[in-house]
Structure formats: C-alpha cells, structure tokens
Amino acid sequence: MVKARVFLLDYRCLNELTMKKILVIDDEAIVRSSCERTLKPEGYDIKSVSSGKEGVELLEKESFSLVLLDLKMPDMDGVEVLNKIKATWPETKVVMITGYSTVDTAVQALRLGAFNFVEKPFTPDMLISAVKEVFGESDDNSEHITK
Amino acid sequence: MKNIFRNPEKSIAAKLIIAIGLVMIIVTFLFWYAIRSKQKQDIMSIALKYGISFMDFAKRSTHSSMLNREREEIQQTLENLSTPVGVEKVTIFNHDGNIKYSSSVEDVGKSIDKTTLACLGCHPKPEESPALLSEPRQWNVYKNQEGFTALRIVSVIPNESSCYTARCHAHAKDQEILGFVEADLSLAILDEALLKQGLALSAYVILFVLAVSTFLGIIIYKIVSKPVQVLVNGMDKVAGGDLNHSVPIKSTDEMGVLAKTFNSMIHDLKAASDQREKWTQMLEKEIAKKTEEIQTTHNNLMQTEKLASLGRMAAGVAHEINNPLTGVVTFAHLLKKRFPADSTEAEDLNVIIEQSDRCSKIIKNLLTFARATPSDKGEVSIHDLLNRTVFMVKNQEKFHHIKFNMNLEDSHPVVYGDATQFQQIFLNMFINAVDAMNGRGNITVATRKVQEDSKNFIEIEFTDEGCGISEENMPKLFEPFFTTKPVGKGTGLGLSVSHGIVKHLGGHLKVKSTYGKGTSFFVRLPMSE
C-alpha cells in the first residue's frame, strides 16, 4: 500500500516533469476534441471540460501547467475564469481561445495576465506553436505559422 | 343707360329720374293750370271791359234817337251795332221784359226769357217778388249755339232829366229804370286764342319737362349710375379673386372718395393676401424641408438599424461557424498527416483545408462589416496611404491596363483612424472602378480640403470611366450584400463596409454617377486638428 503510494507519488512527479498537463475549457465539444487530438500526439497530458465552473473545480483538485480557455462560454465567462486562475493558481499559464469578434476582449485578457491567444478557426500547427511558446520550446515551424 | 330702366327698382338713377320726373310733371302741371286760369280770367276781364264799353257806346249811339223817339233810327243803329264780328245780338227791352228793339228784327215785340240774366241779375225770384239782390249782376258767360264762349251783358237804362223832360213825355219822373240794353258778345276769337295759347303752353311744358328730364337723367347717369356701375363691377372682380383690379374713378366727389377708399382697401387686401401667400409658401417649403430631413433621418436610422442588426447577426453566425470550422480544419490536418504529401488523399484534404480557409476569410470580412475588427487607431497620412495603395494595386494583374491620375492637393492631410480600414476603403474603390471599366481606362484620385459646419474635412475623390450606376441601383448602393457583379465575384459588402467605416469616423461617403459615362465616389473624412 505504501509502495503503491510512493509509486503513485513518483508517477505524479514524473508526470509533472515529463508530461505537461494542459486543461482545455471550452463549451464546444469539437473544439475540445480538436485540441485533444492535436496536442496528445505531441506528448501533452490533456484534460478537457465543457464549462468554466467544471474547470475551476478540476483545477482545485489537480494542478495544470497550461489552461486553454475559451473566451465565450454560457455559464462563466472566460475573463472571469482567467481572473480566478490568476488569483488562485498564479503559476498556471493561460492561453485564450477566441473567435475573431472577441479579439478586443482577448487583448484585454492579455493585459489581465493571459499568456497568449489563439484565434478560431486555428490549424493544428497554430495551436502547437502557441502551446510550445508557453513551455519555451522552440519549434521550427512556429515562426511562419504564428506570423 | 338702357340697363337703368330694365330693373328700375334696382337702380338709384332710375328711381331718382322717375321721382324727379314725377315731381316735375306735377309741379309743371300745377303751373300750367294756374297760368291757364289766370289767362282765362285776364281775357275775360278784358272782354268784360270791352263789353261794358260797348254797352256805353250802344247807349250813347241810341241816346238822341231815344229822346226823339226815332224808333226806326234806333232799330237801324242796333242793327249796325251788331255788324262787327263778335257782336251777336243787341236788344233793348223795358222793365217788363218786352223787347222794344233788337238787332234781330224777329225778336222785336217778344218777351225776354225770365230765367235769363236780364231778370235774374237783380231779382232772385222775378215771378214771385220784386225783391232785389244786394249786389246785382250785370253779365254772365255761357256757351252759345256754336259751342263758343259768349258774354252776355245787361246794362240798365236809368231815368234822367232829359228823359222825363223830353218832348214825348213817354216816361214819368219817378220811374227809376226805363229799360235795359242787352248784348250777346261771342268770345269765339278769344276761345281760339286761348286754345292756341294753351296748346303752345302745353307743348312748351312738355318740351321743358322732357328737356329737363333728359338733362337730369344724363347727369344722374354720369354722376351716380356710371360710377356706381364701375364700383359694382370692380367689387365683382375683387370678389372673383382679382386683387390687381383698381376702380378707375378720378373724381373728387363722394364717389371719388368711395372709389379711392375701395382701391386702398383692395391694395391692403392684396398686400395681406400676398403676405399670406408668402407665409404659406414659406411654411410649405419649411414643412417640405423638415419632412425631407425627417425622411433622411428615418432612412439613415433604418439603414443604421439594418446594418447593426445585420452586423449582430453576422457576428453571431460567424462566431458559431468558427467552432465547427476549427474542427474541420484540425481534423483535415490530422488526416492529411496520415498520407504521403503527394498522394491524392493529401491533395483532396488540401482542398478541404483551402476551402475552410476561404470560409474563415469570409467570416472575417463579415465581422469587419460588423465593425468588430480590432482597430489600431492613430494619425494616418492620407496621401501616403493613397500612394502606397496605388503602388500596391498597380502590381496586380487586374490593374495592368489601368492608368492612375493622381491630383493630390499640396498639404499633407492627416486623419485619425485605422490605416488598415482606410486602405480597405481605397482598395474597395479601386476594385469597383476596375470592375466597372472592365479592366481598362483611367482612375482619377483627387484630394481637396473642404469645410463643413466649420469643421475641416479631407475629400478624396475616386473617378472612373466605367459603366456608371443606374438610377434604380442608386438607393441600394450601400446596402450590404447588394452587388451587380457576377455570382462569386463580389460579396456586396465592399461599399457598405466602407460606408460603415467612414460614418463611424464622422465622415461620409457620396456618389455621383452618369449612367454609361462613369462614377465618382467622394469620401469625406474629418481632419485631425
């Protein structure tokens, strides 16, 4: 039992060290699955929830390195969730996912402490490069994709 | 003049003429009657004088014959006395009425009619009593058998000393009255004269009345009737609405004053009417202006509201589509990675990716239209931007046969706004111009400073030589999704987006077009102070 716990702890440490944990909060299932399918093969640990409330609940249980956060959601607004994350888990980075119409808000979100934002519709390359930027990983493709 | 008497109860002149005429006829008739009576009276008294003098003459002529009882002589004298015209009969009879001598021999020896003047002159009832009248009558007038007026005079032959002392002693001394001389004098000549005079007088009177009536009539017609008629005509005309009419009466009498007052009244009325007309026109103009303003405002509001709701809808749709589009793009990419780059599958997936990318661009355009684009505002040099945009489009194949004429004004106008948005407007203008000209011709770009409501604007003119815009298309020009380009070539958003941007900045976009000759767009943007 003790062994198992140690293993578990070790696994967690290992997990935190090697597997970057990413939480996707988006009310749209297709966006969530797009993120999962794009980032999982890149070696990221992806979890996703469909609302800000669920996201916060999950964040209270687990820690994440990065949250991909949709700006517009029905129950809890993206900016609200961002504020909460910045206040409660300041080391967790946030990348906003935004529709074109809400870019103004995204800029505002950057000011509030979001690391970056990705415009919908995004290609897998765009998403990967944005995530890699967060973790400080250089990517050969990133330059021409983000610009 | 005839009109006056057609309806005399309606004409003052006719009433006056009739009244004056009647008075004149009555008065002149009275005069005429008085003159006639006086004439008759005078003539009668003259006749009487002559008659009495004739009686004296008759008595004297027979006096000596009487004294000498020369009966034949007396008879002869009487016959002689009755010869002149007018003397009909001379008779001498005694107090008992026995005719002793007469110019009509057959009467001698007859008794006189006791109902004649000879008896009744002194005795009121000669058959009953010898009583005398207090004032004896010596003469009377009657109508003789020929119907002429005749004068009968009876003269007393009084007793005198030579009579009762004469040789014959025919009369006693105490006898007062010896007899009477009676003469019947015809007044036929006088009758004729009177008749002639009467006729002449009547003729004069009638002539006088006619002359005076005519004269009065003319005067009344001239002074009263005609001016009144003119006034009435004038009033009729004015009542009919002709306020330019004035009554042409220049006299200084009451009529003149009336006409003058009337004219000045009409003048005032006209002035008031003109003023009212002017006010009405002004009011109508004002109302038309206000109505137009309201209409314009309403249209603008409608347009704005339409654009706004369309924008909201577009934004909503765009946002919603972004999510599935993300899925399509992601999974297409993921799928593509499973196939070699030169495989048919990879190419097909590329089509999906390209078309998704196209969808994404359309959505971006829609969102620009909804003015949700992030804007990078700042001071923009319009001339630099125009030159850059022209330089940029010149390299495009579409613009290879286009000549740009740049007439930019000397200063460097600066406008506060988003350069990208301005460039979007300019590009729109150029693309529309090229499409209108089928890729060949001149595009003129001109700028000028203008003042509007004491604000400085820069006006940018884009003129092409294209097909122009038909009148029916004009009102729809700025409507979103309105396009005359073939399906797939234009979205119909260019002008409405441009319009939206310019309006948002406080400027406006106007268009002038001659169908078949070309179009000019005028973009006015407020200049930075």
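Me: Which residues of chain A stay under 50 in pLDDT, and how many contacts does the model have for them beyond four places in sequence?
Reply: That's residues 1-16 of chain A, with five such contacts in the model. pLDDT is the predictor's confidence in each residue, from 0 to 100, and contact means heavy atoms within 4.5 Å. Residues 139-147 of chain A are also below 50, with seven contacts beyond near neighbours in sequence. Where pLDDT is low, don't read the predicted coordinates in detail.

This is a predicted model, where local features need pLDDT of at least 70 and side-chain atom pairs count only at 80 or more, while totals for chains, interfaces and linings use all residues. Residues are numbered from 1 along each chain as its sequence is written, chains are lettered from A in the order written, and side-chain values use heavy atoms, leaving out hydrogens and water.

Me: Why is B:Glu461 called buried?
Reply: Buried means under 20% relative accessible area (exposed is over 50%, partly exposed in between; 1.4 Å probe, protein chains only). B:Glu461 has 15%, so it counts as buried. Its touching residues, beyond four places in sequence, include B:Arg448 and B:Phe521.

Me: How do you know that the length of helix α10 of chain B agrees with the expected span?
Reply: The expected span is 1.5 Å times one less than the number of residues. For the 18 residues of α10 (419-436) of chain B that should be 26 Å, and the end C-alpha atoms are 26 Å apart, so the two agree.

Me: What makes α10(B) largely enclosed by the rest of the structure?
Reply: 13 of its 18 residues are buried, so α10(B) is largely enclosed.

Conventions. Helices (H or I, at least four residues) and strands (E, at least two) are DSSP runs, numbered from the N terminus.
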